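Visitor: Hi! I'm new to this one and would like a relaxed tour. Could you put it up on the screen for me?

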Amino acid sequence: MEKEKSYLSLIALSYIFPIPNIQKTAAFYESVLGFRAVECLECKEPCICLYQDNIEILLLQSNSDRIQPNRKLYGCSYEAYIYCDDQKRLEQELSAKG
């Protein structure tokens, strides 16, 4: 039996990262990686939104200074995966920027 397709289409996805210091992290993404940061600090859940091309990353203020990556919590190594035209070149550029 064929599954009925919804009339709605999915458009985008935002990655959400809990971070101990969202201002410091946003400054790194802006100055080193070229993202544009938009502060939403007056919201119910204060955050900073990072934008570049079609990517949106939300930095939420963590209630802990210790962040556990997925590889430690669940045994898998990715928090998010961003697709681009030339993954190898992107990795080289980001590695060169620290």
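Visitor: Where is Asp-53 found?
Guide: Asp-53 sits in the loop between β3 and β4. Keep in mind as we go that this is a predicted model.

Visitor: What is phi like at Asp-53?
Guide: Its phi is near 50 degrees, which is a positive value in a residue other than glycine. The turn that holds Asp-53 belongs to a hairpin formed by β3 and β4, with two residues between the strands.

Visitor: And is Asp-53 buried or exposed?
Guide: Asp-53 counts as exposed, because its relative accessibility is 74% and the cut-off for exposed is over 50%.

Visitor: Let's follow the hairpin, then. How many bridges join β3 to β4, and which way do they run?
Guide: Strand β3, residues 47–52, is joined to β4 by six bridges, and the two run antiparallel. One pair to look for is Ile-48 with its bridge partner in β4, Leu-59.

Visitor: What about β1 and β4?
Guide: β1 covers residues 15–19 and runs parallel to β4, with five bridges joining them. Here you can find Ile-16 opposite Leu-58 of β4.

Visitor: Why is β4 described as largely enclosed?
Guide: Strand β4 spans residues 55–61, and five of its seven residues are buried, so the rest of the structure largely encloses it.

Visitor: Changing topic: how much space lies in the largest pocket?
Guide: The largest pocket holds about 1,100 Å³ of space. Its lining takes in 31 residues, and those nearest its centre are Phe-35, Ile-82, Gln-87, Leu-90 and Leu-94. The elements giving two or more residues to that lining are β1, α1 (22–31), β4 and α3 (87–96).

Visitor: Which of them gives the largest share?
Guide: That is α3, with six residues in the lining of the largest pocket. By class, this lining has 17 nonpolar, five polar and nine charged residues.

Visitor: And the second largest pocket, how much space is in there?
Guide: About 160 Å³. β1 and α2 (70–73) are the elements that give two or more residues to the lining of the second largest pocket, and β1 gives the most, with four. Among the residues lining it are Ile-16, Phe-17, Leu-73 and Tyr-74. The lining divides into eight nonpolar residues, two polar and one charged.

Visitor: Back to α3 for a moment. Which side chains meet in a salt bridge?
Guide: Those of Glu-93 and Arg-89, at 3.1 Å from N to O. The count for salt bridges comes to one. The two residues are four apart in helix α3, so about one helical turn separates them.

Visitor: How exposed is Glu-93?
Guide: Glu-93 is partly exposed, with a relative accessible area of 35%. Arg-89 is partly exposed as well, at 49%.

Visitor: Last topic: how many disulfides does a search of the whole structure find?
Guide: Zero.

Visitor: Why is there no bond between Cys-40 and Cys-49?
Guide: The closest cysteine sulfur to that of Cys-40 is the one in Cys-49, but at 4.0 Å it is too far for a bond. A disulfide would need the sulfur atoms within 2.5 Å.

Visitor: And how far is the sulfur of Cys-47 from the closest cysteine sulfur?
Guide: For Cys-47 the distance is 4.1 Å, again to Cys-49, which is too far for a bond. Cys-47 itself is buried, with a relative accessible area of 8%.

Definitions and conventions
Residues numbered from 1 in each chain as written. Predicted model: local features only at pLDDT ≥ 70, side-chain atom pairs only at ≥ 80, totals over all residues. Heavy atoms only, no water. Buried < 20%, exposed > 50% of the residue type's maximum accessible area, 1.4 Å probe, protein only. Pairing = 2+ DSSP bridges. 1 Å grid on protein atoms, 1.4 Å probe; cavity = no way out; pocket = protein on both sides within 12 Å on 5 of 7 lines; lining within 4 Å. Points joined across faces, edges and corners; volume = space filled by probe spheres on them. Nonpolar A, V, L, I, M, F, W, Y, C, P; charged D, E, K, R; others polar. Salt bridge = Lys/Arg side-chain N within 4 Å of Asp/Glu carboxyl O.
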